[in-house]
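Q: I've got this one open on my screen and I'd like to know what the labels rest on. Can we go through the reasoning together?

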Amino acid sequence: MPLLNLKQVTKVYQQGEIKVEALRGIDLEIEKGEFTTVFGPSGSGKTTMLNLIGALDKPTGGTVKINGDSIGKLNKNELALLRRNHIGFIFQSYNLIPVLSAFENISFALRIARKNSKSEEKEKVFNLLKAVGLEGLENRRPAELSGGQKQRVAIARALIKEPKLVLADEPTANLDSDTSHEVMKIMLKMNKELNTTFIFSTHDPLVMDYATRLLELRDGRISKDKIKEPATN
Ligand code: ADP
Ligand code: MG
């Protein structure tokens, strides 16, 4: 069974009198362990598609299945559990908790999953803080961090739970190219070692380079679907 199965998925947003057809019939299967990038012009439906795959929203038509479960049939609690236990989100707006430090924002995600002892938790958070280049900044709150630094906290927070699926909406948009390479390498390592499935949306050729599958969206439809060799550096 593929990890994700989308069949004839449509999404229509109603804005007052106007209907926006954001997705116009998406058929897609993604297997466990894929490292996929979705690209396409602004407004082509990338974020909408990631929201549906992440069970944050329901389709207007068609079905979205995660691990065989149709998200249209799950209730609010079931959707929340699915997201909490299996999906890591890296979205453009960061969604960090303002009163918590960088360290606390990351460890909070673990605390909810309740998998580790305090000392294991601390070590895990520090390792990941270091890996995303935030060593020494662990006590800062989001307001005391730059956009790129906040993005790195958001990345660490999504990865700390070692979810089955990580969804990243333009994850490198606020990062310089050195840091972008660093975070892509962390994600690639997780992909190889834990078989974590990653789906990125991006305009960034650097992210596309790392991907093993490229999907192009145009006007709410998949216009290209290509398997490729990943970057080797
Ligand atoms: P992308 O991420 O590729 O830029 P989006 O998925 O954000 O594309 O948007 C696809 C289309 O849906 C656009 O025309 C956008 O304006 C519209 N759209 C997205 N979200 C909403 C919303 N919440 N309400 C109304 N229209 C929306
Ligand atoms: Mg978008």
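Q: What makes the pair between ligand 1 and G43 a polar contact?
A: This is a predicted model, so keep that in mind. An oxygen atom of ligand 1 sits 2.7 Å from a polar backbone atom of G43. The cut-off for a pair of N or O atoms is 3.5 Å, so that pair qualifies.

Q: Which polar atoms of G45 and T47 are paired with an oxygen atom of ligand 1?
A: For G45 it's a polar backbone atom, at 3.1 Å. For T47 it's an N or O atom in the side chain, at 2.9 Å. Taken alone, ligand 1 exposes 560 Å², and the protein buries 64% of that.

Q: How do you know which element gives the most to the shell around ligand 1?
A: β1 (4-15), β2 (18-30) and α1 (46-53) each supply at least two residues. With 3 residues, α1 gives the most.

Q: What kinds of residues make up that shell around ligand 1?
A: They split into 4 nonpolar, 7 polar and 1 charged. Among the residues around ligand 1 are Y13, Q15, S42, K46 and T48. Since Lys is on the charged list, K46 counts as charged.

Q: Why is T37 called buried?
A: Buried means under 20% relative accessible area, and T37 comes in at 0%, so T37 counts as buried. T37 lies in strand β3 (residues 35-39). Leaving out residues up to four places away in sequence, T37 touches F200, T202, V207, M208, A211, R213, L214 and L215.

Notes. Residues are numbered from 1 along each chain as its sequence is written. Chains are lettered from A and ligands numbered from 1 in the order in which they are written. This is a predicted model: local features need pLDDT of at least 70, side-chain atom pairs count only at pLDDT 80 or more; totals for chains, interfaces and linings use all residues. Side-chain values use heavy atoms; hydrogens and water are left out. Helices (H or I, at least four residues) and strands (E, at least two) are DSSP runs, numbered from the N terminus. Buried means under 20% relative accessible area, exposed over 50%, partly exposed in between (1.4 Å probe, protein chains only). Contact means heavy atoms within 4.5 Å. A residue is near a molecule or strand if one of its heavy atoms lies within 4 Å of it. A polar contact is a pair of N or O atoms within 3.5 Å; within protein, one must be able to donate a hydrogen and the other to accept it, and residues adjacent in sequence count only if both atoms are side-chain atoms. Accessible areas come from the Shrake-Rupley method with a 1.4 Å probe; for residues, only the protein chains shown count as cover.
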